[in-house]
Amino acid sequence: MAKIKLKAKSRDGVITVRVLMKHPMESGNRKNKNGSIIPQNHITHLNVNKNKVLAAKANIGGSISENPFFQFKIPGVKGDEIYFESVDNLGKILSITKISK
Amino acid sequence: MNRRLFLKKSMATASIAAAVAAGLLIPNRVLASTSEFKKISDIVKSKMDNAQEGSFILKAPEIAENGAMVPITVDALNILDVKSIAIYVHKNKTPLTAYFELPEASAFITTRIKMAETSIVTAIVSTTTASFTQSRSVKVTLGGCGG
């Protein structure tokens with residue numbers, strides 16, 4: 001099961017990149033039923049590259065919703081390569097590459 | 001160390017080394033993320049205090065039925081040379097939700113955030129010289145009736 005979905009569609013010289021990830025995004029502030037704190041597990045960084053050049057990056061805290069969704073607009077045309085990667089605070093990397101439609 | 005374990009470990013190291021070599025990951029970043037994020041949060045807060053109200057669009061629901069998933073759109077395509085966009089929720093425990101840097105992308109972001117309670121949501125759009133803000137009050141109802 002893919003943990004990450006990416007759609008890239010170009011129109012009038014702008015690629016709209018939509019990313020949907022599967023991630024619990026636990027902020028470390030919540031407690032479970034027994035009263036112990038649920039440990040932090042959230043995405044901290046993400047990068048979007050177009051044709052291997054950094055187009056956008058983000059620093060992310062625990063306040064982004066579970067199964068996060070992002071939308072970017074990047075100038076470009078059909079056939080451009082979009083690469084997306086995210087890193088969480090446990091060091092786990094998720095990445096995907098797609099050719100823009 | 002048996003052979004199987006050795007192979008596994010060397011493969012893991014190799015893939016990380018390749019990622020580092022490609023300049024995609026800076027190793028100390030992953031380790032020092034929390035303190036780094038606090039620093040960014042402080043920078044954004046000081047920017048917000050010195051900023052003036054801007055003319056960009058911040059789309060947020062007036063009433064959010066579920067605080068766990070509030071859609072936010074920041075559209076600053078009318079401002080030139082936007083370097084970064086930040087979204088700040090004043091009453092959250094980690095008030096800065098995300099800080100986007102946009103070297104090659106247009107000034108447009110959509111995402112979904114978490115909100116602990118009814119609060120003011122501020123978007124901060126920064127260019128190289130100035131910062132602009134827009135604020136919306138978002139009411140969070142927990143009853144689920146949308147009231």
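**Exercise 1.** In this predicted model, find the strand that holds A:R11, and decide whether A:R11 is buried or exposed.

*Solution.* Begin with the secondary structure, where A:R11 belongs to strand 1 of chain A, a strand made of residues 4–11. Next, take the neighbours of A:R11, which come to 10 other C-beta atoms within 10 Å. A residue is called exposed if it has 12 or fewer such neighbours, and therefore A:R11 is exposed. As a last step, look across the chain to A:K101, which is 90 residues away from A:R11 in sequence, while their C-alpha atoms are 9.0 Å apart in space.

**Exercise 2.** Describe in which order the elements of chain B follow one another from the N terminus.

*Solution.* Count the elements, which gives 3 helices and 9 strands for chain B. Then follow chain B from the N terminus, where the order reads α-α-α-β-β-β-β-β-β-β-β-β. Finally, consider burial: chain B has 147 residues, and 29% of them count as buried.

**Exercise 3.** Work out how many residues each chain brings to the contact between chain A and chain B, and which strand of chain B pairs with strand 4 of chain A.

*Solution.* The contact draws 33 residues from chain A and 31 residues from chain B. On the side of chain B that touches chain A, helix 2 (27–31), helix 3 (33–50), strand 6 (96–101) and strand 7 (108–113) each supply at least two residues. Sorted by class, this side of chain B holds 18 nonpolar, 7 polar and 6 charged residues. Turning to the pairing, strand 4 of chain A (residues 53–60) runs antiparallel to strand 6 of chain B, with 4 bridges, and A:K57 stands opposite B:E101 of that strand 6.

Technical notes. Residues are numbered from 1 along each chain as its sequence is written. Chains are lettered from A and ligands numbered from 1 in the order in which they are written. This is a predicted model: local features need pLDDT of at least 70, side-chain atom pairs count only at pLDDT 80 or more; totals for chains, interfaces and linings use all residues. A residue is buried if 20 or more other C-beta atoms lie within 10 Å of its own, exposed if 12 or fewer, and partly exposed in between; C-beta atoms are placed from the backbone. Two residues are in contact if their C-beta atoms, placed from the backbone, lie within 7 Å. Ala, Val, Leu, Ile, Met, Phe, Trp, Tyr, Cys and Pro count as nonpolar, Asp, Glu, Lys and Arg as charged, and the others, Gly among them, as polar. Two strands pair if DSSP finds at least two bridges between them.
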